[in-house]
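Q: I would like a close look at one part of this model, the largest nonpolar core. Please show me what builds it, and then walk me through some loops.

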Amino acid sequence: MGRAIAVLAALVTVGGCTAQAVDADGKPRGPVHIDITGTRPATPTPSSRPTEDKGEDQDDRSSTPSPPAAPPKVLWSPGDTGRDVRELQARLRQVAWLFDGPTGTYDDLTEQAVRGFQGKRGLPQTGETDTVTWQRLLKMTREPGQWDLYLMGGQSADAPDPRCLTGRVLCISKSSRTLRWMIDGRTVSTMPVRFGSSYTPTREGEFQVYWKSRHHHSTLYDSPMPYAMFFSGGQAVHYSSDFAARGYAGASHGCVNVRDEAAIANLFAQVRNGDKVVVHW
(Lines give C-alpha, C1' and ligand atoms only; values in the text may rest on other atoms or scores of the structure.)
Protein backbone atom coordinates (compact mmCIF):
# COMPACT_ATOMS: atom_id res chain seq x y z
CA MET A 1 0.00 0.00 0.00
CA GLY A 2 2.75 2.47 0.95
CA ARG A 3 4.63 1.58 -2.21
CA ALA A 4 1.61 2.33 -4.36
CA ILE A 5 1.21 5.77 -2.82
CA ALA A 6 4.90 6.58 -3.39
CA VAL A 7 4.65 5.60 -7.02
CA LEU A 8 1.58 7.82 -7.49
CA ALA A 9 3.34 10.81 -5.96
CA ALA A 10 6.29 10.34 -8.28
CA LEU A 11 4.06 10.24 -11.30
CA VAL A 12 2.34 13.47 -10.31
CA THR A 13 5.70 15.17 -9.88
CA VAL A 14 7.01 13.97 -13.24
CA GLY A 15 3.79 14.15 -15.34
CA GLY A 16 2.51 17.54 -14.27
CA CYS A 17 -1.29 17.71 -14.67
CA THR A 18 -1.66 14.13 -16.00
CA ALA A 19 -1.82 11.46 -13.24
CA GLN A 20 -2.32 7.67 -13.28
CA ALA A 21 -5.18 6.97 -10.92
CA VAL A 22 -5.49 3.75 -8.86
CA ASP A 23 -8.51 2.06 -7.43
CA ALA A 24 -9.07 0.90 -3.84
CA ASP A 25 -6.97 -2.30 -4.46
CA GLY A 26 -4.02 -0.34 -5.74
CA LYS A 27 -4.57 -1.33 -9.34
CA PRO A 28 -4.07 1.36 -11.96
CA ARG A 29 -7.10 3.01 -13.70
CA GLY A 30 -7.29 4.90 -16.93
CA PRO A 31 -5.67 8.35 -16.95
CA VAL A 32 -7.68 11.40 -15.89
CA HIS A 33 -7.27 14.45 -18.17
CA ILE A 34 -7.83 17.89 -16.65
CA ASP A 35 -8.35 20.65 -19.26
CA ILE A 36 -7.46 23.99 -17.73
CA THR A 37 -7.72 25.94 -21.01
CA GLY A 38 -11.43 25.41 -21.67
CA THR A 39 -14.30 26.75 -19.55
CA ARG A 40 -18.03 26.15 -19.68
CA PRO A 41 -19.79 28.82 -21.71
CA ALA A 42 -21.36 31.35 -19.40
CA THR A 43 -25.12 31.84 -19.60
CA PRO A 44 -25.70 35.33 -20.98
CA THR A 45 -27.16 37.76 -18.49
CA PRO A 46 -29.89 40.13 -19.62
CA SER A 47 -27.40 42.98 -19.82
CA SER A 48 -24.98 41.01 -22.00
CA ARG A 49 -27.55 39.63 -24.45
CA PRO A 50 -27.55 41.17 -27.93
CA THR A 51 -30.16 43.89 -28.38
CA GLU A 52 -33.08 42.89 -30.58
CA ASP A 53 -33.39 44.55 -33.99
CA LYS A 54 -36.59 46.30 -32.97
CA GLY A 55 -34.88 47.92 -29.98
CA GLU A 56 -31.94 49.02 -32.09
CA ASP A 57 -34.27 50.66 -34.61
CA GLN A 58 -36.00 52.56 -31.83
CA ASP A 59 -32.66 53.77 -30.44
CA ASP A 60 -31.60 54.90 -33.90
CA ARG A 61 -34.82 56.82 -34.38
CA SER A 62 -34.58 58.56 -31.04
CA SER A 63 -31.06 59.70 -31.77
CA THR A 64 -31.93 61.04 -35.27
CA PRO A 65 -32.79 64.78 -35.26
CA SER A 66 -36.43 65.52 -36.16
CA PRO A 67 -36.96 67.38 -39.44
CA PRO A 68 -37.92 71.06 -39.05
CA ALA A 69 -41.65 71.76 -38.90
CA ALA A 70 -43.25 72.95 -42.12
CA PRO A 71 -44.09 76.68 -42.17
CA PRO A 72 -47.79 77.51 -41.69
CA LYS A 73 -49.90 77.74 -44.82
CA VAL A 74 -50.30 81.23 -46.27
CA LEU A 75 -53.98 82.11 -46.72
CA TRP A 76 -53.74 85.62 -48.22
CA SER A 77 -50.87 87.82 -49.33
CA PRO A 78 -50.36 91.20 -51.03
CA GLY A 79 -52.27 91.46 -54.29
CA ASP A 80 -55.08 89.09 -53.29
CA THR A 81 -58.68 90.30 -53.54
CA GLY A 82 -62.12 89.14 -52.48
CA ARG A 83 -64.56 88.80 -49.64
CA ASP A 84 -62.06 86.96 -47.38
CA VAL A 85 -59.64 89.87 -47.66
CA ARG A 86 -62.50 92.18 -46.63
CA GLU A 87 -63.05 90.09 -43.51
CA LEU A 88 -59.33 90.19 -42.70
CA GLN A 89 -59.37 93.98 -43.03
CA ALA A 90 -62.55 94.33 -40.96
CA ARG A 91 -61.03 92.26 -38.13
CA LEU A 92 -57.78 94.25 -38.27
CA ARG A 93 -59.92 97.39 -37.85
CA GLN A 94 -61.46 95.91 -34.69
CA VAL A 95 -58.02 95.60 -33.05
CA ALA A 96 -56.93 99.05 -34.31
CA TRP A 97 -54.23 97.82 -36.68
CA LEU A 98 -56.07 99.14 -39.73
CA PHE A 99 -58.01 102.38 -39.85
CA ASP A 100 -59.19 102.55 -43.46
CA GLY A 101 -62.35 100.68 -44.33
CA PRO A 102 -62.22 97.25 -45.98
CA THR A 103 -61.52 97.50 -49.68
CA GLY A 104 -61.27 93.81 -50.56
CA THR A 105 -57.73 94.33 -51.90
CA TYR A 106 -54.64 93.18 -49.94
CA ASP A 107 -52.77 96.47 -50.37
CA ASP A 108 -49.72 98.06 -48.71
CA LEU A 109 -51.73 99.29 -45.72
CA THR A 110 -53.08 95.79 -45.10
CA GLU A 111 -49.58 94.29 -45.33
CA GLN A 112 -48.27 96.85 -42.81
CA ALA A 113 -51.17 96.13 -40.47
CA VAL A 114 -50.52 92.37 -40.62
CA ARG A 115 -46.80 92.90 -39.92
CA GLY A 116 -47.64 95.03 -36.89
CA PHE A 117 -50.12 92.49 -35.58
CA GLN A 118 -47.61 89.64 -36.02
CA GLY A 119 -44.76 91.52 -34.36
CA LYS A 120 -46.87 92.45 -31.33
CA ARG A 121 -47.60 88.78 -30.74
CA GLY A 122 -44.12 87.36 -31.38
CA LEU A 123 -44.98 85.85 -34.76
CA PRO A 124 -42.72 86.04 -37.83
CA GLN A 125 -43.34 89.44 -39.42
CA THR A 126 -43.96 88.29 -42.98
CA GLY A 127 -46.84 90.63 -43.81
CA GLU A 128 -48.66 87.58 -45.20
CA THR A 129 -51.68 86.14 -43.40
CA ASP A 130 -50.91 82.50 -42.59
CA THR A 131 -53.01 80.03 -40.59
CA VAL A 132 -51.30 80.89 -37.27
CA THR A 133 -51.80 84.64 -37.73
CA TRP A 134 -55.42 84.15 -38.79
CA GLN A 135 -56.30 81.90 -35.84
CA ARG A 136 -54.80 84.42 -33.43
CA LEU A 137 -56.82 87.23 -35.03
CA LEU A 138 -60.03 85.17 -34.93
CA LYS A 139 -59.69 84.67 -31.17
CA MET A 140 -59.38 88.41 -30.59
CA THR A 141 -62.25 89.65 -32.78
CA ARG A 142 -65.95 89.14 -33.52
CA GLU A 143 -67.66 88.13 -36.76
CA PRO A 144 -67.95 91.25 -38.95
CA GLY A 145 -71.41 92.28 -40.12
CA GLN A 146 -72.39 93.17 -43.68
CA TRP A 147 -71.66 96.87 -43.25
CA ASP A 148 -68.42 96.18 -41.41
CA LEU A 149 -67.26 94.38 -44.55
CA TYR A 150 -68.50 97.15 -46.83
CA LEU A 151 -67.87 100.08 -44.54
CA MET A 152 -66.61 102.25 -47.40
CA GLY A 153 -68.88 100.85 -50.11
CA GLY A 154 -68.08 98.40 -52.87
CA GLN A 155 -71.20 96.26 -52.37
CA SER A 156 -73.30 95.07 -55.29
CA ALA A 157 -76.62 96.72 -56.05
CA ASP A 158 -79.79 94.66 -55.69
CA ALA A 159 -82.44 94.38 -58.39
CA PRO A 160 -84.15 97.65 -59.26
CA ASP A 161 -87.64 98.39 -58.05
CA PRO A 162 -90.27 97.97 -60.81
CA ARG A 163 -90.96 101.73 -60.64
CA CYS A 164 -87.40 102.29 -61.84
CA LEU A 165 -87.81 100.46 -65.15
CA THR A 166 -89.32 103.32 -67.14
CA GLY A 167 -88.07 106.86 -67.75
CA ARG A 168 -85.13 108.66 -66.18
CA VAL A 169 -84.80 107.51 -62.58
CA LEU A 170 -82.54 107.84 -59.55
CA CYS A 171 -83.28 104.34 -58.20
CA ILE A 172 -82.15 104.24 -54.57
CA SER A 173 -82.13 100.99 -52.56
CA LYS A 174 -81.97 101.02 -48.77
CA SER A 175 -81.39 97.25 -48.76
CA SER A 176 -78.14 97.32 -50.72
CA ARG A 177 -77.35 100.99 -49.95
CA THR A 178 -76.85 101.78 -53.59
CA LEU A 179 -78.04 104.30 -56.16
CA ARG A 180 -78.66 103.28 -59.77
CA TRP A 181 -78.97 105.99 -62.40
CA MET A 182 -81.32 104.40 -64.92
CA ILE A 183 -82.73 105.46 -68.28
CA ASP A 184 -85.58 103.39 -69.76
CA GLY A 185 -84.65 100.32 -67.69
CA ARG A 186 -80.93 100.50 -68.47
CA THR A 187 -78.44 101.11 -65.64
CA VAL A 188 -76.06 103.92 -66.61
CA SER A 189 -74.06 104.04 -63.36
CA THR A 190 -74.13 102.65 -59.82
CA MET A 191 -72.67 104.06 -56.60
CA PRO A 192 -72.84 103.36 -52.85
CA VAL A 193 -74.97 105.75 -50.78
CA ARG A 194 -75.66 106.46 -47.12
CA PHE A 195 -78.95 107.41 -45.46
CA GLY A 196 -80.25 109.21 -42.39
CA SER A 197 -80.17 107.72 -38.90
CA SER A 198 -83.21 106.37 -37.04
CA TYR A 199 -83.71 109.89 -35.65
CA THR A 200 -83.57 111.56 -39.08
CA PRO A 201 -84.67 108.86 -41.54
CA THR A 202 -84.56 109.22 -45.29
CA ARG A 203 -88.09 109.22 -46.70
CA GLU A 204 -89.21 106.32 -48.87
CA GLY A 205 -91.44 106.51 -51.92
CA GLU A 206 -91.56 108.04 -55.38
CA PHE A 207 -90.47 111.67 -55.85
CA GLN A 208 -89.07 114.08 -58.46
CA VAL A 209 -85.94 116.20 -58.54
CA TYR A 210 -87.30 119.73 -58.06
CA TRP A 211 -84.08 121.73 -57.54
CA LYS A 212 -80.36 121.32 -58.25
CA SER A 213 -77.74 123.33 -56.33
CA ARG A 214 -74.07 122.77 -57.25
CA HIS A 215 -72.49 124.59 -54.28
CA HIS A 216 -75.27 124.24 -51.72
CA HIS A 217 -74.65 124.85 -48.00
CA SER A 218 -77.13 123.72 -45.34
CA THR A 219 -78.25 126.59 -43.10
CA LEU A 220 -80.04 124.13 -40.80
CA TYR A 221 -76.93 122.01 -40.07
CA ASP A 222 -74.26 124.49 -41.21
CA SER A 223 -72.62 121.92 -43.47
CA PRO A 224 -71.75 121.81 -47.18
CA MET A 225 -74.00 119.85 -49.56
CA PRO A 226 -72.23 120.04 -52.95
CA TYR A 227 -73.95 118.63 -56.04
CA ALA A 228 -77.30 118.67 -54.22
CA MET A 229 -80.35 117.32 -56.07
CA PHE A 230 -83.41 117.96 -53.88
CA PHE A 231 -86.34 115.55 -54.11
CA SER A 232 -88.37 115.82 -50.85
CA GLY A 233 -88.40 118.99 -48.74
CA GLY A 234 -84.85 119.49 -47.48
CA GLN A 235 -83.73 115.98 -48.43
CA ALA A 236 -81.40 115.68 -51.40
CA VAL A 237 -78.88 113.42 -53.06
CA HIS A 238 -75.48 115.10 -52.56
CA TYR A 239 -71.76 114.53 -52.03
CA SER A 240 -70.62 114.01 -48.40
CA SER A 241 -66.99 114.36 -47.31
CA ASP A 242 -67.98 112.72 -44.01
CA PHE A 243 -69.21 109.64 -45.86
CA ALA A 244 -65.96 109.65 -47.84
CA ALA A 245 -63.96 109.70 -44.59
CA ARG A 246 -66.04 107.54 -42.22
CA GLY A 247 -68.15 105.37 -44.46
CA TYR A 248 -71.15 103.72 -42.84
CA ALA A 249 -69.77 104.47 -39.40
CA GLY A 250 -71.78 107.70 -39.69
CA ALA A 251 -75.17 108.76 -41.03
CA SER A 252 -76.80 111.73 -42.73
CA HIS A 253 -79.53 114.01 -41.41
CA GLY A 254 -81.95 112.44 -43.89
CA CYS A 255 -80.22 113.10 -47.19
CA VAL A 256 -78.84 110.48 -49.56
CA ASN A 257 -75.05 110.81 -49.28
CA VAL A 258 -72.60 109.86 -52.03
CA ARG A 259 -68.92 109.37 -51.14
CA ASP A 260 -67.43 109.35 -54.66
CA GLU A 261 -67.13 113.01 -55.67
CA ALA A 262 -66.19 112.30 -59.28
CA ALA A 263 -69.16 109.94 -59.65
CA ILE A 264 -71.72 112.40 -58.29
CA ALA A 265 -70.23 115.27 -60.31
CA ASN A 266 -70.86 113.21 -63.43
CA LEU A 267 -74.35 112.29 -62.22
CA PHE A 268 -75.20 115.91 -61.38
CA ALA A 269 -74.36 116.89 -64.96
CA GLN A 270 -76.81 114.31 -66.37
CA VAL A 271 -79.82 114.62 -64.03
CA ARG A 272 -82.53 117.13 -64.91
CA ASN A 273 -85.24 118.76 -62.85
CA GLY A 274 -88.32 116.57 -63.10
CA ASP A 275 -86.40 113.26 -63.22
CA LYS A 276 -87.93 110.58 -61.04
CA VAL A 277 -86.48 109.51 -57.67
CA VAL A 278 -87.51 106.15 -56.16
CA VAL A 279 -86.34 105.30 -52.60
CA HIS A 280 -87.18 101.67 -51.79
CA TRP A 281 -86.21 98.60 -49.79
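A: Let's start with a word we will need: a residue is exposed over 50% relative accessible area, buried under 20% and partly exposed in between (1.4 Å probe, protein chains only). This is a predicted model, where local features need pLDDT of at least 70 and side-chain atom pairs pLDDT 80 or more, while totals for chains, interfaces and linings use all residues. Residues are numbered from 1 along each chain as its sequence is written, and side-chain values use heavy atoms, without hydrogens or water.

First, the setting. The protein chain has 281 residues, and 36% of them are buried. You can trace 8 helices and 11 strands along the chain; these are DSSP runs (H or I, at least four residues, for helices; E, at least two, for strands), numbered from the N terminus. Among the contacts (heavy atoms within 4.5 Å) with a separation of 6 or more, 51% join residues 24 or more positions apart.

Now to the core itself. A nonpolar core is a set of buried Ala, Val, Leu, Ile, Met, Phe, Trp, Tyr and Cys residues joined through side-chain atoms within 4.5 Å. The largest one here holds 22 residues, and L170, I172, L179, M229, V237, L267 and V277 have the most contacts inside it. Many elements share the work: β3 (168-173), β4 (178-183), β5 (186-194), β8, β9, β10 (256-258), α8 (261-270) and β11 (276-280) each supply at least two core residues. In soluble globular proteins, nonpolar side chains tend to be buried together.

Try zooming in on I172, which sits within β3. Leaving aside residues up to four places away in sequence, I172 touches T178, L179, V193, F195, V237, V256, V277, V278, V279 and H280. Four of the names in that list, V277, V278, V279 and H280, fall in the stretch of β11.

Next, let's visit the loops that link some of these strands. D184 is found between β4 and β5. It has a positive phi of about 55 degrees, although D184 is not a glycine. D184 counts as exposed because its relative accessibility is 59%.

D222 makes a nice companion, in the loop between β7 and β8. D222 is not a glycine either, and its phi is positive too, about 50 degrees. With a relative accessibility of 61%, D222 counts as exposed.

On the way from β8 to β9, the loop contains G234. G234 is exposed as well, because its relative accessibility is 52%. Still, G234 has neighbours: beyond residues up to four places away in sequence, it touches Y210, M225 and C255. The C-alpha of G234 is also 9.1 Å from that of S218, which is 16 residues away along the chain.

Finally, look away from the main core. Apart from it lies another core, of 12 residues, including V85, L88, W134 and L137. V85 and L88 fall within α3 (83-94), while W134 and L137 fall within α5 (131-140). Both α3 and α5 also help to cover the buried residues of α4, and so does β2 (129-130). Those buried residues of α4 are T110, E111, A113, V114, G116, F117 and Q118. After α4 comes G122, with a positive phi near 70 degrees.
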